[in-house]
Amino acid sequence: MTTQPVVELTGITVEFPPVTALAGVDFRLYPGEIHALMGENGAGKSTLIKALTGVYQTSSGTIAVDGTERRFTGPGDARAHGISTVYQEVNLCGNLTVAENIMLGAAEPRMLGGLHWPRMRRLAAQHLERMGLDIDPGSSLDSHSLAVQQLVAICRATVSDCKVLILDEPTSSLDADEVESLFAVMRRLRDSGVAILFVSHFLDQIYEVSDRMTVLRNGGLVGEWATAELAAGDLVKHMIGKSAQVLESVERGHDAARPGDGEPRLQAIGLGRKGSIQPYDLEVYPGEVVGLAGLLGSGRTELARLLTGADRSDSGTTLVEGTARKLHNPRAAMAHGIAYTSEDRKGEGIVDGLTVRENIVLAMQAERGWVRPLPRRQVDEIVAGYIDQLGIRPADPEALVRNLSGGNQQKVLLARWLATAPKLLVLDEPTRGIDVGAKAEIQKLVAELAAEGMSVVFISAELEEVLRLSHRIAVLRDRKVVATVGSEGTTTDHIVDLIARGDITEGDAA
Amino acid sequence: MTATTPVRSAAGWASTVRLDPRYLPVLGTFVVLALMLAIGGTRYDNFLTPIVYSNLFINNAHLIALAVGMTFVILTGGIDLSVGSVLALSTVIIASLLEAGWPVAVVLPVAVLAGSVIGLAHGVMIQVFGVQPFVATLAGMFFARGLCFVIAPESIPISDPAFTALAGWDSWMGYFRTTTAVVIALVLVAIGFVVLHYTRFGRTVYAIGGGEQSAMLMGLAVARTKVGAYVVSGTCAALGGMLFAMGNRSGYALNGVAMELDAIAAVVIGGTLLTGGTGFVLGSLLGVLTLGTIQTVIQFEGNLSSWWTKIVIGVLLLVFVVLQRALSLRKT
């Protein structure tokens, strides 16, 4: 491509002291291409988009649009210069008509100071037709499916002179047919010369629709490739990276009971939920750690939520120690000794305005019911025990959890569930965003718990961690369990291959 | 390669032929109103007469004005509790200024402007300082009511000849009688309708009710429009006070106590959702007429306590809210 890039970012750095969210990233976008922006959670994709559209201020680097250096004051300003963004959620007004959602704000036709409805409908119909959408512009937006609403949002973005269209995960809530029609529209826009920046977690989609891709990792640029020249396996490696972390080696409890010994503690048969995760089978034996591996959005969390009753399944059954049980909510799961710690530590885990003591006894107290409060002396003993055992710092039961570091908050959360003496512990990203020392401690704890006979389902974005801790690993891709492999003799490369290709090479579990 | 099958939505062109679900609540109100008129007509001899219809409008002109303003505010997802007090303030200002010898042409604009200013204060408190609409307008309600008593604790009769002439004007269309107050109220409804449906301001009012964040991201003037809705409500309330003064020929600090609740009831019965974004000003007019009809029926019944009006309104309100809930549940 010899043409001038429509957008060129050079050495962009964005800092939220003390964190550097983007470090000297270069990015080029050419007219008439679909450019995929790739990276795991926290890689800096959203930050890059927000830096471009003026939501975040850059601390260094330049943004050039059509060769002219620019600094936008916000999305409105960026839009005025031909850069429109369509977000994952449809940011339109469902109670208004389709025509209004497309035209209102800048482009609506007026007459005598008022709106000219017939012309507004006619113009909207023309724009819709250009996108290949055959819907009544006078119908209310609410009456259409999410996919059509998403397309209407894109239509709105292209009404005013649009040179660059940013699509931030537009496909995450669409089904296959809907994604196809979205892609058709994207190709049509590309062929008319619009530059499209596309963010998606689905590798298939990236390979189907994009021309080039830029990969980010931990706020830094990994590289830029033509899609045809980068194999999926290499892409995944670039995204995940080889984290050269020096962790104390954690020994798996290899001598613990292996799968096949006795009855599984928890067995899911054809468990699934439409639009969330396809039906899967999974069994967890006593003393076993089952790891879940896959990219963000592959269904790791969704699988765990179904397993623990946090979401309701719409197909399949769950057997707890051989008996079919309905786990409709986390409380029912708790009653059967199943505990779940969410990946959203702040939102769904700790209560940050309460003390360490209160947080730890929360689940235990909930199990007993509020009419039978735990005696204070017993509470103090339990709390002191866990603070000591898990090494929670500061070792003060009355400290507010808000003031603890991420790793210590995670330990408090773990202590809360351990206090209920669960038989199966589901840990969703327990080591994310915490320092190396705390990470190693938590890994060690998981290994010890398994050695004592507890079953653990362990989810982490870091493959090495999953591989080191787990006896068996279920590999997920695009909301589907594609393989289950034993960790013995398996390498991260093998798992990366499975994630990238999704080959059903049913691994030998024993 | 761009040749693709056009995307068809389930609710395509066909939906225009069928009844739009948005009109269902208003239609429900209309049916209830018609039903009540029919029941009244079969029970009482002189019920279905032009006099009764005319009085329905004449007696409720001020409430129509309040309901028009309230519709704007509720459409944005807000509420205005001050309208009853602002109505009283307006009557007191008009009566006391006329008593002091000011000309009508100055007094009426001053009174209406006072309402606009109070509305503006509400809007600024809500938009700029992020105060809950409930709290901001509650403060405004106490403020306006208190101000009434500061200006004039006693009822002031209005004897200004120009004002009484204006208020006393009426016209007969066949057997139907209209007064100045009714004409003003109906003109307000018409203006409200045009503004809500044919201006960017009006459509932004709906957009804010549909999703404030989305409206903002669509680049609409959210802040200005939200403040504007409260100004409209304050202005309508003051106009309501003017119409009330025309009916009563007096200004009194205790006018319109709890009338804001009647206005809210009329708007809700008229099919406007309290969560905002859905509703029509014509529905609010039907809501006011429904309330008026209930009152008329109970008057005709004769031996019933007038408090039965409140009970029927309460029941009706409940039925309508449940009905709307059922409709919106079915839709999702």
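This passage walks through the strand pairing and helix packing of chain A in a predicted model.

The usual bookkeeping applies: residues are numbered from 1 along each chain as its sequence is written, while chains are lettered from A and ligands numbered from 1 in the order in which they are written. As the model is predicted, local features need pLDDT of at least 70 and side-chain atom pairs count only at pLDDT 80 or more, whereas totals for chains, interfaces and linings use all residues.

Strands and helices here are DSSP runs numbered from the N terminus (strands E, at least two residues; helices H or I, at least four), and two strands pair if DSSP finds at least two bridges between them. Strand β1(A), residues 7-16, runs antiparallel to β4(A), residues 60-65, over five bridges, with A:Leu9 sitting opposite A:Ile63. β4(A) then makes two antiparallel bridges to β5(A), residues 68-69; here A:Val65 partners A:Thr68. Two residues separate β4(A) and β5(A) in this hairpin, and A:Asp66 in the turn has a positive phi of about 55°.

Six strands of chain A make up an open, mixed sheet, in the order β6-β10-β11-β3-β12-β13. At its edges lie β6 (83-86) and β13 (220-226), each paired on one side only. Within the sheet, β10(A), residues 164-168, and β11(A), residues 195-199, run parallel over five bridges, and A:Leu167 faces A:Phe198 across this pair. Helix α6(A), residues 176-191, packs on the sheet and touches β3 (34-38), β10 and β11 (contact: C-beta atoms, placed from the backbone, within 7 Å). The direction of α6(A) makes about 150° with that of β11(A) (axes are lines fitted to C-alpha atoms, for helices over the stretch in contact; angles run from 0 to 180 degrees between N-to-C directions).

Definitions and conventions:
Two residues are in contact if their C-beta atoms, placed from the backbone, lie within 7 Å.
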